[in-house]
Amino acid sequence: MSQERAVADVVIVGGGAAGLSLAHALTAPGSRRRLSVTLVETPRRSLRPAERTWCFWQEGPGDYDEAVAASWRRLRVRGRDGSVTDGELGALRYQMLRSGTFEAWVRERLAARPHVRLVEATARTVRDVAGGAEARCVTEDGDGLTLRGRYVFDSRPAGTLPPARSTLLQHFRGWFVRTSAPAFDEDVVELMDFRVPQPAHGLAFGYVLPLGPREALVEYTQFSRSPLTRSAYDAALEHYTRRVLRLGPLDVRSVEGGVIPMTDARFPRRIGPAVYRIGAVGGATRPATGYTFSAVQRQIKAVAAALRDGGEMAFPPPHGRRALAMDAVMLRALDTGRVNGPDFFTRLFARTPTERVLRFLDGRSRLWEDVLIGFSTPVGPMLRTAAELPFLPRRPFPGTREETPG
């Protein structure tokens, strides 16, 4: 087996949302300092995630507007009894990216930048070395390849979760459907529709992202301790589309699914002097919601700004301590059954302006807003849960991990 060595300022392992976003930000035109970047992604299709959807909310123009598949101005939450809460987003927009479109859009721009190298190889080990770090890889032909840089950013998913006090899985399956007659309000996302049978533990809801009057992504989602079988997801989707939404005849064009850990585990962001973890493996997934994309963007922009300007490496945590503490309380309360999940979220959106809820979920709310949100939840059970958390041990989660960040 032959061995090749390559050197760059930055080596990025993994070509998903986090890796591509970082490469794009580090090499954007107009930077004060030109950095050489090597992005390595495995050629093994079995190790790459399937096509998936990322959703986030944003105010004003963004870096990836050309790749956005759809955008909405209103969110809707339906209670178990069918009660409806419609929320206006004001200056915000709820947006959808399809991973294939996003990845192709970013790669096209990276390929046109001479100081970027795109490599197909499977990273075996990442480690610190004198003067930086390196990723030891194997190409599809079996040749060895060592990629060395001042910094290495690793976005590969870990095989297991760190120990935690509470861990639920957000697991889902979605159908891209086309109906025979108009059936969807193009301007409204059905964010949580609790008119579905609820599991014995956790909660379940429908999620509808309209792409036109006759087209939408319709998902069935659970927050619980273990995923379902494929047939169970399909049965739930059949029930939701036929009996709840009453969509009539429809054609399922494509399918997506995933499992996202919702956990108060502590994810190490730095595993050596020059080795960093980014994306979900670096703790970017918001524990209470499973959303990841926005936190990744905030984090990599701080990294890119520091390195492009020649300053010291800046790698802020993806979520603040107060937000993580509140998420830990909510997860524990849901996991123990002290709060009823559907009623909790229905009341939260009914009593709180939607923009404020989204700022909270994005970690951008102010202290007084967090206090008001706290009072819109079941205060007694939440206070009891907060009081017991410091005394709970962190234990390994027995399940497997598959990441599909939203």
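Me: How do the residues that line the second largest pocket divide into nonpolar, polar and charged?
Reply: This is a predicted model, in which local features need pLDDT of at least 70 and side-chain atom pairs count only at pLDDT 80 or more, while totals for chains, interfaces and linings use all residues. Residues are numbered from 1 along each chain as its sequence is written, and side-chain values use heavy atoms, with hydrogens and water left out. A pocket is an open set of points on a 1 Å grid over the protein atoms alone, with protein on both sides within 12 Å along at least five of seven lines, and its lining residues have an atom within 4 Å of a point. With Ala, Val, Leu, Ile, Met, Phe, Trp, Tyr, Cys and Pro counted as nonpolar, Asp, Glu, Lys and Arg as charged, and the others, Gly among them, as polar, the lining divides into 32 nonpolar, 9 polar and 3 charged residues.

Me: Which helix gives the most to the lining of the second largest pocket?
Reply: This pocket has a volume, the space filled by probe spheres set on the grid points, of about 780 Å³. Its lining holds 44 residues, and Ala288, Thr289, Met330, Phe345 and Leu361 are the closest to its centre. Helices are DSSP runs of H or I with at least four residues, strands are runs of E with at least two, and both are numbered from the N terminus. The most comes from residues 367–375, with 5 lining residues, and this helix is α8.

Me: Which element gives the most to the lining of the largest cavity?
Reply: A cavity is a set of grid points where a 1.4 Å probe fits but cannot get out, and the whole structure has 1 of 30 Å³ or more. The largest cavity holds about 80 Å³ of space, and Tyr291, Thr292, Ser294, Ala295 and Asp362 lie nearest its centre among 14 lining residues. Two elements give two or more residues to this lining, β3 and α4 (293–308). The most, 4 residues, comes from α4.

Me: What is the strand order of the open sheet of 7 strands?
Reply: Two strands pair if DSSP finds at least two bridges between them, and the pairing in this sheet is mixed. The edge strands, each paired on one side only, are β6 (84–88) and β16 (250–263). Between β12 (residues 167–179) and β16 there are 13 antiparallel bridges, with phenylalanine 176 opposite serine 254. The full order is β6-β5-β13-β14-β15-β12-β16.

Me: At about what angle does helix α5 run to β12?
Reply: Axes are lines fitted to C-alpha atoms, for helices over the stretch in contact, and angles run from 0 to 180 degrees between N-to-C directions; contact means heavy atoms within 4.5 Å. Helix α5 (residues 321–336) lies across β12, β14 (203–212) and β16. Its angle to β12 is about 85°.

Me: How many of the residues of β7 are buried?
Reply: Strand β7 is part of an antiparallel open sheet with the order β3-β7-β4, whose edge strands are β3 (53–59) and β4 (68–72). Seven bridges join β7 to β3, while 4 join β7 (residues 92–98) to β4. Among the facing residues, phenylalanine 56 stands opposite glutamine 95, and tryptophan 72 has tyrosine 94 as its bridge partner. With buried taken as under 20% relative accessible area for a 1.4 Å probe and protein chains only, β7 is mostly covered, the count of buried residues being 6 of 7.

Definitions and conventions: Buried means under 20% relative accessible area, exposed over 50%, partly exposed in between (1.4 Å probe, protein chains only).
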